[in-house]
Amino acid sequence: MRLSEKIKEALKRFPVRFLETLKRFSGTAVLVVMLYLLSAIVAHEALNIDPEAFWVLGLGAIALLAADLFFETHPLKWYWAWGIKLLLLALLVLASFSLLRYELRPILLLGATIALFGWAVCRAFHSRGEETLGVLIIRGATALLFAGVLFAGASLILAGTDLLLFSVHSRAFGKVARFSFVLFAPLMFLYGIPKRGEEKSLLRGYQQLLKVVILPLLGIFMAVLYCYYIKLAVNRQLPISELGGVSLAFLCINLPMVLLAKPFCEGAIAKLRSGLLYGTLPVFAALFFTAGRQVAFFGVSVIRYIVLVGGLALLVCVLLMTLFKGKYRFGVFLVLLVTALIASYGPQSCYSLTQWSQHGRLVEALEQAQMLDGGAVVPNPDAPVALKREILELIDYCRQEDLKLPDCFPIPDNYYELDELLGFSYSDLQDGIGPEIWHNYPTNEPIDLGEGSYLLPRGGSYRFEAPCGVLKAETADGLVLLCDDKVLCSLNRDELRQGVWDAVSKEDVAASYIYTVETEEVVVKIPFDYISEPNPEPFGDWSYIYIKVKE
């Protein structure tokens with residue numbers, strides 16, 4: 001058949017196939033159209049619509065598509081099928097009431113919906129589930145490409161019209177973009193979903209992309225991780241705190257690619273795929289050790305929760321993919337679905353457990369600072385500086401994550417006017433020594449505090465008169481302090497950071513620390529912030545140095 005005849009046949013078949021697609025996925029198509037209309041209404045500022053509505057429609061379209069695919073091969077009476085679909089939409093509407101309060105919740109709910117869709121595809125196409133997922137990935141990319149071409153072509157036409165014929169309002173370009181990406185692209189994706197029994201083979205380019213590019217790159221990255229583990233063992237060092245997040249990101253990319261590559265792996269590629277699957281066990285061990293250690297030191301946070309719970313869910317997925325000869329490999333989507341829902345809502349969610357953990361740390365810090373009386377917070381301006389800083393940073397973390405304060409605070413939702421309640425504020429701690437120093441530190445020049453005390457900004461060379469004589473200071477890379485060319489103190493930056501980390505590790509003070517050095521001639525205090533574990537040297541920073549020359 002000639003190319004022209006093929007194009008003619010395709011154009012003749014397109015309207016019939018498109019109508020069949022709309023009938024096949026009617027619920028999804030309706031939500032896509034509603035999403036397009038709402039976006040147009042908001043663009044014209046005709047109506048104020050909550051952002052949650054867009055999330056509900058988008059997630060609802062994916063959920064209904066999953067339900068339609070499942071019921072194609074597992075048919076139910078129409079009223080049961082539509083009852084389940086409406087139930088899914090109702091659950092999404094209920095979830096939307098606090099959806100955007102926490103920034104990670106929409107992402108987790110999106111992940112749960114995509115996992116539901118993946119499970120439905122695998123159940124609908126069964127033995128060719130992985131292959132069909134690959135086809136749908138290609139269809140999605142193709143739909144976006146077509147939408148991009150449509151947008152580019154229409155934009156050029158509008159630009160030419162504006163230049164040659166008459167003025168075109170800038171909103172016209174926005175309308176074309178909405179039509180192309182909000183309406184056209186999803187409908188073209190639905191158009192390309194095959195029915196069971198008419199699955200199309202994976203495109204050769206997709207196979208080559210996985211076999212020649214993606215899997216080898218993942219193998220190289222896994223080798224990098226293994227080299228890092230060997231380095232830690234040789235140098236007898238602990239892993240950096242970021243290793244948990246890096247490991248989780250690698251696993252989130254590696255495991256889907258290993259699953260999608262299953263249908264066509266053979267020879268060396270099959271061995272590489274097995275290595276990428278079974279070789280993840282040390283990666284899991286490093287993930288759990290690193291994140292667990294962070295939780296033991298600093299309590300549960302949203303990110304640490306995601307790393308630990310996400311790592312546990314992916315470990316279960318690996319077991320499902322390897323045990324029972326892969327019989328239950330499609331259960332990985334249900335595992336991910338349940339995990340995302342558990343992490344999003346309920347008393348065990350990432351935000352609930354983070355609030356419980358950080359509340360415990362905050363109450364403990366208040367007790368150590370003697371700032372609790374009868375279960376209520378009382379001011380204590382004389383509390384140790386380290387405890388003051390820890391209390392303020394815990395309060396600030398709760399504010400950033402939109403968590404309530406503990407019940408010992410008069411108004412748990414009020415993060416304002418806390419200075420009077422606590423008896424101190426951040427401005428009192430900027431120098432780590434006292435509020436009078438910070439308020440007298442307006443320039444980048446050395447400040448004479450009297451009685452032989454000085455405040456030196458970091459990153460400069462200074463020369464000034466002191467009771468001991470001419471004082472010279474170099475603060476660009478640590479501290480070199482001389483008086484009449486006699487060395488009073490010499491501190492290297494790396495030695496400073498290592499000393500701070502050693503002290504922090506012993507005292508379990510995570511966020512800040514004042515490093516103090518005392519010699520026969522001088523006392524030096526350097527307040528550190530943003531301290532983290534050695535990588536291979538500790539990271540920490542300071543902005544000024546306090547010195548006191550002894551008489």
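**Reading helix pairs and single residues**

Modeller: Let's jump straight in: helices α14 and α15 cross with a left-handed sense. Keep in mind that this is a predicted model.

Colleague: Okay, but how do I read a helix pair beyond its handedness? At what angle do the axes of α14 and α15 cross?

Modeller: In general, two packed helices are described by the angle between their axes and the distance between the axes. Here, α14 covers residues 350-368 and α15 covers residues 385-400. Their axes come within 10 Å and cross at roughly 155°. Angles over 145 degrees count as roughly antiparallel, so α14 and α15 are roughly antiparallel to each other.

Colleague: Which residues of α14 and α15 make the contact?

Modeller: From α14 you get T354, Q358, H359, R361, L362, A365, L366 and Q368. The α15 side brings in L387, E390, I391, L394, I395, Y397 and C398. Sorted by class, that contact holds nine nonpolar, four polar and two charged residues.

Colleague: Those numbers seem to come in little jumps. Why do residues three or four places apart point the same way?

Modeller: An α-helix has 3.6 residues a turn, so residues at that spacing face one way. Try another pair with that in mind. R105, L108, L109, A112, A115, L116, G118, W119 and C122 of α5 meet F333, L334, L336, L337, A340, L341, A343 and S344 of α13. That contact divides into 14 nonpolar residues, two polar and one charged.

Colleague: And the geometry there? How far apart are the axes of α5 and α13?

Modeller: The axes are 8 Å apart, and the packing angle is about 160°. With that angle, α5 and α13 are therefore roughly antiparallel to each other, and their crossing is left-handed.

Colleague: Now take α5 by itself. What span would be expected for α5 at 1.5 Å a residue?

Modeller: The expected figure is 30 Å, and the 21 residues of α5 (105-125) reach 30 Å from first C-alpha to last. Burial is the next thing to check: 16 of the 21 residues of α5 are buried, so the helix is largely enclosed by the rest of the structure. Right after α5 comes H126, with a positive phi near 50°.

Colleague: Where else should I look for positive phi in a residue other than glycine?

Modeller: R236 is one case, with phi near 55°. R236 sits in the loop between α8 (204-235) and α9, and at 81% relative accessibility R236 is exposed. Q370 also has phi near 55°, in the loop between α14 and β1 (372-373). At 64% relative accessibility, Q370 is exposed as well.

Colleague: What about N254, is it buried or exposed?

Modeller: N254 is buried, at a relative accessible area of 0%. Find N254 in helix α9 (residues 243-260). Skipping neighbours within four places in sequence, N254 contacts L218, L276 and T280.

Colleague: How do I spot a long-range pair? How many residues separate V338 and A112 in sequence?

Modeller: They are 226 residues apart in sequence, yet 7.3 Å apart in space, C-alpha to C-alpha. V338 belongs to α13 (residues 331-344) and is partly exposed, at 44%.

Colleague: Last one: how does the whole chain look?

Modeller: The chain has 18 helices and twelve strands, and 45% of its 551 residues count as buried. Of the contacts with a separation of 6 or more, 63% join residues 24 or more positions apart.

How values were computed:
Residues are numbered from 1 along each chain as its sequence is written. This is a predicted model: local features need pLDDT of at least 70, side-chain atom pairs count only at pLDDT 80 or more; totals for chains, interfaces and linings use all residues. Side-chain values use heavy atoms; hydrogens and water are left out. Helices (H or I, at least four residues) and strands (E, at least two) are DSSP runs, numbered from the N terminus. Buried means under 20% relative accessible area, exposed over 50%, partly exposed in between (1.4 Å probe, protein chains only). Contact means heavy atoms within 4.5 Å. The expected span of a helix is 1.5 Å times one less than its number of residues. Axes are lines fitted to C-alpha atoms, for helices over the stretch in contact, and angles run from 0 to 180 degrees between N-to-C directions. Angles under 35 degrees count as roughly parallel, over 145 as roughly antiparallel, 65 to 115 as roughly perpendicular and the rest as oblique. A crossing is left-handed if the near helix is turned anticlockwise from the far one by less than a right angle, and right-handed if clockwise. Ala, Val, Leu, Ile, Met, Phe, Trp, Tyr, Cys and Pro count as nonpolar, Asp, Glu, Lys and Arg as charged, and the others, Gly among them, as polar.
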